[in-house]
Amino acid sequence: MGTVIINQQRLRYFYAVFTHRKISRASESLNTHSSVLTRQIKILEEEIGYKLFERRPRGVEPTYVAELLFEYYRRNYDAQVEFEAGLQELNQMRRGSIHIATPSAYVCPLMDVLNEFHLKFPDVNLNIEENFDPNKIIEKILDDTLHIGIIHLCPENPDIKCWASVPLPLHMLVNKKQALAEKQMVTLEEAMSLPLSLPKAGVLREMVQNVCYKEKVTLPPCVFESDSTDARKKFACAGLGAVFMSAFSAREEIKKGELVALEVNHAVFRSAKLSLVVRRGKLLVPATLQLLRLLENKLSIFKHESEANDSSRIRLGDSK
């Protein structure tokens, strides 16, 4: 016997007859004619392949198959009630889990909004992953293992939707004792005159390589490869060479006077953005939408910080 597909309306007719044990009472409860109910039960019996009720002088008697079908109906009804209750809890943000990935440099500034969200919706679990690699973040979003990504230098992908973004230029960071540190802005050639520290792979490294190739500028040796933002900053702080990242990512080192952030006079470096991304076409539950809106408002702090740095020549450690 193949899979039995049961019409839900007929199943409701069956339930009425099963519980009332009389066609007339069942039809009254459903506000329909007895003939309609009798015909629908007969069709249901034909679909199942078994008789459901035996006629008795005072009504009908369920068969063994009817008992099985009633149990099936009851379990499905309970599952439906549970499903609808779950939907209601999701809509009221009383359950759920949201996974976010962001570079470590942006976690602390965003904790205010994450804490605010948690206080409002304590039953929604927040999972924060520190990840600086945009490609890995996007891969996880497309796999639905992440719901929200916060990405600097977001690569183009037709399946990724940019929910919001703010300008966050890519600067050249050097030790204040480097000769170039006296400049406010460096050319691409000057930026490539120092030994570099770059990630082993990923969007940042590809961007620097592509810009140099397009502009026919020699890319200097990458003398220190690391996927760690902190490690690359320490490399620059030691005066061993230069790194490329947002001034915001090195704001503490800049304030302490350990690093100077120089603007690179090239459109690709100046046009870099910090983006809030999700999977395009994904149905977002209310809790995720609420968090996205809160994060969108919070993104402005990165822009304001960058503008403040620019206005002070990004030398927050100078005592002038």
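This briefing covers two sheets, two pockets and two buried residues of the structure above. The model is predicted. One open sheet has five strands in the order 4-3-5-13-6, and another has four strands in the order 8-12-7-11. The largest pocket has a volume of about 450 Å³, and the second largest pocket has a volume of about 190 Å³. Strand 13 (273-279) contributes to the lining of the largest pocket and is also a member of the five-stranded sheet.

**Five-stranded sheet**

- The five strands of this open sheet follow the order 4-3-5-13-6, and their pairing is mixed.
- Strand 4 (125-130) and strand 6 are the edge strands; each has a single partner strand, so one side of each has no neighbour in the sheet.
- From one strand to the next, the twist averages 20°.
- Strand 5 (residues 148-152) and strand 13 run antiparallel and are joined by four bridges.
- Across this pairing, isoleucine 150 stands opposite leucine 276 of strand 13.
- Strand 6 and strand 13 also run antiparallel, with seven bridges joining them.
- Within strand 13, valine 277 is the bridge partner of cysteine 162, and serine 275 is the bridge partner of serine 165.
- Five of the seven residues of strand 13 are buried, so this strand is largely enclosed by the rest of the structure.
- Helix 6 (residues 134-142) lies across strand 3 (97-102), strand 4, strand 5, strand 6 and strand 13.
- The angle between helix 6 and strand 5 is about 160°.

**Isoleucine 148**

- Isoleucine 148 belongs to strand 5.
- Isoleucine 148 has a relative accessible area of 0%, so it counts as buried.
- Leaving aside residues up to four places away in sequence, isoleucine 148 touches residues including Ile98, His99, Ile100 and Ala101.
- Ile141 is also among the contacts of isoleucine 148, as are Leu276, Val277 and Val278.
- Further contacts of isoleucine 148 are Thr288, Leu291, Leu292 and Leu295.
- Isoleucine 148 and leucine 276 are 128 residues apart along the chain, and their C-alpha atoms are separated by 7.1 Å.

**Four-stranded sheet**

- This open sheet has the strand order 8-12-7-11 and mixed pairing.
- Strand 8 (185-186) and strand 11 (243-245) stand at the edges with a single partner strand each, so one side of each is left without a neighbour in the sheet.
- Strand 8 runs parallel to strand 12 (residues 260-264), and two bridges join them.
- Methionine 185 has glutamate 263 as its bridge partner in strand 12.
- Helix 9 (residues 229-237) lies across strand 7 (171-174) and strand 11, and runs at about 130° to strand 11.

**Largest pocket**

- The volume of the largest pocket is about 450 Å³.
- Its lining consists of 17 residues, with Leu153, Cys154, Pro155, Glu156 and Ser275 nearest the centre of the pocket.
- Ser275, one of these residues, is the bridge partner of serine 165.
- The lining of the largest pocket divides into ten nonpolar, four polar and three charged residues.
- Strand 6 (160-167), helix 8 (203-215) and strand 13 each supply at least two residues of this lining.
- Strand 6 gives the most to the lining, with four residues.

**Arginine 205**

- Arginine 205 is located in helix 8, one of the elements that supply at least two residues to the lining of the largest pocket.
- The relative accessible area of arginine 205 is 15%, so this residue is buried.
- Not counting residues up to four places away in sequence, arginine 205 touches Leu198, Pro199, Lys200, Cys222 and Glu225.

**Second largest pocket**

- The second largest pocket has a volume of about 190 Å³.
- The residues that line this pocket are Val17, Ile23, Thr38, Ile41, Lys42, Glu45, Lys51, Phe53, Arg55 and Val60.
- Five residues of the lining are nonpolar, one is polar and four are charged.
- Helix 3 (34-48) and strand 1 (53-56) each supply at least two residues of the lining.
- Helix 3 provides the largest share of the lining of the second largest pocket, four residues.

Key
Residues are numbered from 1 along each chain as its sequence is written. This is a predicted model: local features need pLDDT of at least 70, side-chain atom pairs count only at pLDDT 80 or more; totals for chains, interfaces and linings use all residues. Side-chain values use heavy atoms; hydrogens and water are left out. Two strands pair if DSSP finds at least two bridges between them. Contact means heavy atoms within 4.5 Å. Axes are lines fitted to C-alpha atoms, for helices over the stretch in contact, and angles run from 0 to 180 degrees between N-to-C directions. On a 1 Å grid over the protein atoms alone, a cavity is a set of points where a 1.4 Å probe fits but cannot get out, and a pocket is an open set with protein on both sides within 12 Å along at least five of seven lines; lining residues have an atom within 4 Å of a point. Grid points are joined across faces, edges and corners, and a volume is the space filled by probe spheres set on the points. Ala, Val, Leu, Ile, Met, Phe, Trp, Tyr, Cys and Pro count as nonpolar, Asp, Glu, Lys and Arg as charged, and the others, Gly among them, as polar. Buried means under 20% relative accessible area, exposed over 50%, partly exposed in between (1.4 Å probe, protein chains only).
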